[in-house]
Structures are given as C-alpha cells and as structure tokens.
Amino acid sequence: MTSSLPPLVQALSGAVGSATANSLTYPLDLVATKLQTTTHRRLQGFRGAVRLLRYITRTEGPAGLYDGLGPDTASTLISNFLYFYFYSVLHALAARRRAASNGSLIKSLKIAVTNSTRPTLLSIPTELAVGFIAGVASRAVSTPLSLVAVRMQTDDDEGDSDSEDEGSATNGNTPCKEHAPTFHETVQRIYAEGGLFGFWAGFQPTLPLCLTPALTLLLFQLLSRLRITSSAQTGASSLRVFLSGATANALATAILYPLLLAKVRVQASRASRSQGGHHTMSMVDVWSKSTNTGGWTGLYQGLPAQLLKGFVNQGVTMLVKQRIECAAVGLYRKRR
C-alpha cells in the first residue's frame, strides 16, 4: 500500500490526484491517442507530437486540445477511486491474513475496510494479483466512459490523416473539419454500432492492461524504499514521491505498451460490415497491421508521447494523493 490510512481516504485522495493530473496533462493524452491511431508517417516521435499540437491549435484553437476532457476525467475519477479502494482493501486483507492466518476471513475483511493498516510490501506475485483484481473491477465500471472519451478524441480524424502534416499546418491549407462530436452524439453512435455491449469494446485488451497500475504501484513502493533523496524535508519528500511515481509509471508503460496500443485502436475502431455481419477489430488485428506496416517498431507507435504524458500524470497523481493524505492526518490530529 502507499499509506496506512483507511481505504476510503486512500480512494478519495487517489481519485482527486488522478483527476488533477488528468486535467493538467490532457493535451498530451489527446496527442498520444491521435498518434496511436494515425497512419501518417510524419506523425511519429516527439516531432510528430509537436506537429500534431500545432495542427490542432491552428485548426481548432486551444479548445481543441481538450476534446473529450469531460468524460475522460469522469472515467479517470471513477476508475481510480474504485482502483485505490479495492487495492487498499485487498492489500490490507492479504497483509492481515499473512500476519494472522487463523483468524476469521469476514472479521479480517471488516477490519481491512474500516481500520488503518500499516504499509507492507507483500510478495511480488501477491502484489501483482491484488493490483490485477482491483484493476479488473475498476475498469469494468469505467470502460464505457473511457470508450466515449477515446471516440470523441478520434471521431473527427476520419479522412484527415493526409492533411495532418507540418506543411498543411504552417501554410494554412487545411480542409474544413466537421464539428467535434458531442458526448450525446458519440454515445448514440457507439450504441448504433454495437448495442449496449458496444460500450465495452476494447475490454478484452483492457484485462491484461490491469497489470499496468499493479506493476506501477509495485515499482512505486520499491522505488520509494530506495530513498532517491535522503533529506526528510517536505520539498525533498514531495520530489521523491513525484519521481518515484513518474518513473514507476514510465517503466510499467514501456513494458506493457503493445497492449495499450491495442486497447486504444480497438476502442477507436468502427464496427465494419463483413459478409453480412459486423466485424470489429481485435487485438491480433491491431498487432498484425502494426507489424506489417511498421515492423516490430510499429507496436510502439506513439510511445514517446505516452511516456511523457504518463511520467507527468502519475507523478502529479501520487504527489497530490500524498498531500491530501497528509492534510487528512493533520486534521485528525487537531481534532484529538
């Protein structure tokens, strides 16, 4: 666990921290998503990200960098609240069962839900299992909003891939773009394509991706114990939390990135008619197309922008989470 506070406090602080970080880094998230779904060869790496940022601000204005911010932030809030809550409860339960294996499971669960539990680093398999279960539960609830956010970020890109280059952006020779789809329009389109279950498109590749937050928190705890800075001052402590969280997320993202790429492309894809039925892109389709067009490096298209976004996002999330928890502890001590 990241602290010894009760699960509800950890869930609230984690949700607020993630929503804050998401709002700050959303333009990077938008660019990363577009880079992951584009077929334009010039939109690669950091140069491609800069070209895309210039293109969006020129054609849509600064507001275009925040298309889909509402549903994406709501998805982030719900997902991270549930994740930190389930993770804290399951982690505390596992720690208490390890310390007193003969006790009642129901009693241990009640204590884990309501009481504080001292942070304990479990075995690596247990840490990953706890994080994975918490991730599955949280993503099952937040996937529909996440899908809507991805579609709002990419629905207005159809037919524009050939124009999103530096020349068109700088010369002003950009085509007239359709208006960005609203939340209601996006929901209607998803429902028309796949019905109610269409809102869980991409959930299959999401399941392995549940290892990302689990691996991130495991690496965060390991990095926190390395004591990057030895000073106990508040500034140094905050810097250590930021660097530990950011580095942990960057490592986890790099390891599992092909799964993340598949998730985004499956969610951004449209159901197409094939032999009288509906054919939806699968993970295998994404990986096959990526390797055919770009080799093995095609599986890492958009990775630099995703790493930068994740580095800042996770660092801010853990930093804000820590500050909220410190404030909660301070209020509790004042009342006593």
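Two residues are in contact when heavy atoms of one lie within 4.5 Å of heavy atoms of the other. The exercises below use that meaning throughout, and they concern a predicted model.

**Exercise 1. Describe the overall make-up of the chain, from its elements to its contacts.**

Begin with the elements: the chain holds twelve helices and two strands. Reading along the sequence then gives their order, which is α-α-α-α-α-α-α-α-α-α-β-β-α-α. Next comes burial, where the cut-off is a relative accessible area under 20%; buried residues account for 47% of the 336 residues in the chain. Finally, take the contacts between residues at least 6 apart in sequence, of which 81% join residues at least 24 apart.

**Exercise 2. Find the element that holds A32, decide whether A32 is buried or exposed, and list what A32 touches.**

The first step is to place the residue, and A32 turns out to belong to helix α1, which covers residues 7-37. The second step is to compare its accessibility with the cut-off: A32 has a relative accessible area of 0%, so A32 is buried. The third step is to look for partners beyond four places in sequence, and here A32 touches A305 and Q306. As a last step, a distance can be set beside a separation in sequence: A32 and L52 are 20 residues apart along the chain, while their C-alpha atoms are 9.7 Å apart in space.

**Exercise 3. Work out how α1 and α5 are arranged and which residues join them.**

Start from the axes of α1 and α5, which come within 10 Å and cross at roughly 75 degrees. Angles from 65 to 115 degrees count as roughly perpendicular, and therefore α1 and α5 are roughly perpendicular to each other. The contact is formed by Y26, D29, L30, T33, K34 and T37 on the α1 side, and by V150, Q153 and T154 on the α5 side. Sorted by class, the residues of this contact are three nonpolar, four polar and two charged.

**Exercise 4. Repeat the analysis for α5 and α7, and then follow V148 through the result.**

Helix α7 covers residues 183-194, and its axis comes within 10 Å of that of α5, with a crossing angle of roughly 110 degrees. The two helices are therefore roughly perpendicular to each other. From α5, the contact uses L145, L147, V148, R151 and M152, and from α7 it uses F183, T186, V187, R189, I190 and E193. By class, the contact of α5 with α7 has seven nonpolar, one polar and three charged residues.

Now turn to V148, which is found in helix α5. With a relative accessible area of 2%, V148 is buried. Its contacts, leaving aside neighbours within four places in sequence, are P71, F183, T186, V187, I190 and F199. One of these partners, P71, is 77 residues away from V148 in sequence, yet the C-alpha atoms of V148 and P71 are 6.9 Å apart.

**Exercise 5. Count the cavities of 30 Å³ or more, and describe the lining of the largest cavity.**

It helps to recall that rolling a probe the size of a water molecule over the atoms shows where empty space is left. The count comes to one cavity of 30 Å³ or more, and the largest cavity holds about 970 Å³ of space. Its lining consists of 41 residues, among which T76, N80, R139, Q306 and K309 lie nearest the centre. The elements that give two or more residues to this lining are α1, α3 (69-99), α5 (124-154), α8 (203-209), α9 (211-224), α10 (234-268) and α12 (303-335). The largest share, nine residues, comes from α10. Classified by type, the lining has eleven nonpolar, 25 polar and five charged residues.

**Exercise 6. Decide for Q314 and for T293 whether each is buried or exposed.**

Taking Q314 to begin with, its place is in helix α12. Its relative accessibility is 14%, and so Q314 counts as buried. Beyond the neighbours within four places in sequence, Q314 is in contact with T216, G245, A246 and N249.

Residue T293 lies in helix α11, which covers residues 283-294. The cut-off for an exposed residue is a relative accessible area over 50%; T293 has 65%, so T293 is exposed. Although T293 and T39 are 254 residues apart in sequence, their C-alpha atoms are 9.2 Å apart in space.

Notes
Residues are numbered from 1 along each chain as its sequence is written. This is a predicted model: local features need pLDDT of at least 70, side-chain atom pairs count only at pLDDT 80 or more; totals for chains, interfaces and linings use all residues. Side-chain values use heavy atoms; hydrogens and water are left out. Helices (H or I, at least four residues) and strands (E, at least two) are DSSP runs, numbered from the N terminus. Buried means under 20% relative accessible area, exposed over 50%, partly exposed in between (1.4 Å probe, protein chains only). On a 1 Å grid over the protein atoms alone, a cavity is a set of points where a 1.4 Å probe fits but cannot get out, and a pocket is an open set with protein on both sides within 12 Å along at least five of seven lines; lining residues have an atom within 4 Å of a point. Grid points are joined across faces, edges and corners, and a volume is the space filled by probe spheres set on the points. Ala, Val, Leu, Ile, Met, Phe, Trp, Tyr, Cys and Pro count as nonpolar, Asp, Glu, Lys and Arg as charged, and the others, Gly among them, as polar. Axes are lines fitted to C-alpha atoms, for helices over the stretch in contact, and angles run from 0 to 180 degrees between N-to-C directions. Angles under 35 degrees count as roughly parallel, over 145 as roughly antiparallel, 65 to 115 as roughly perpendicular and the rest as oblique.
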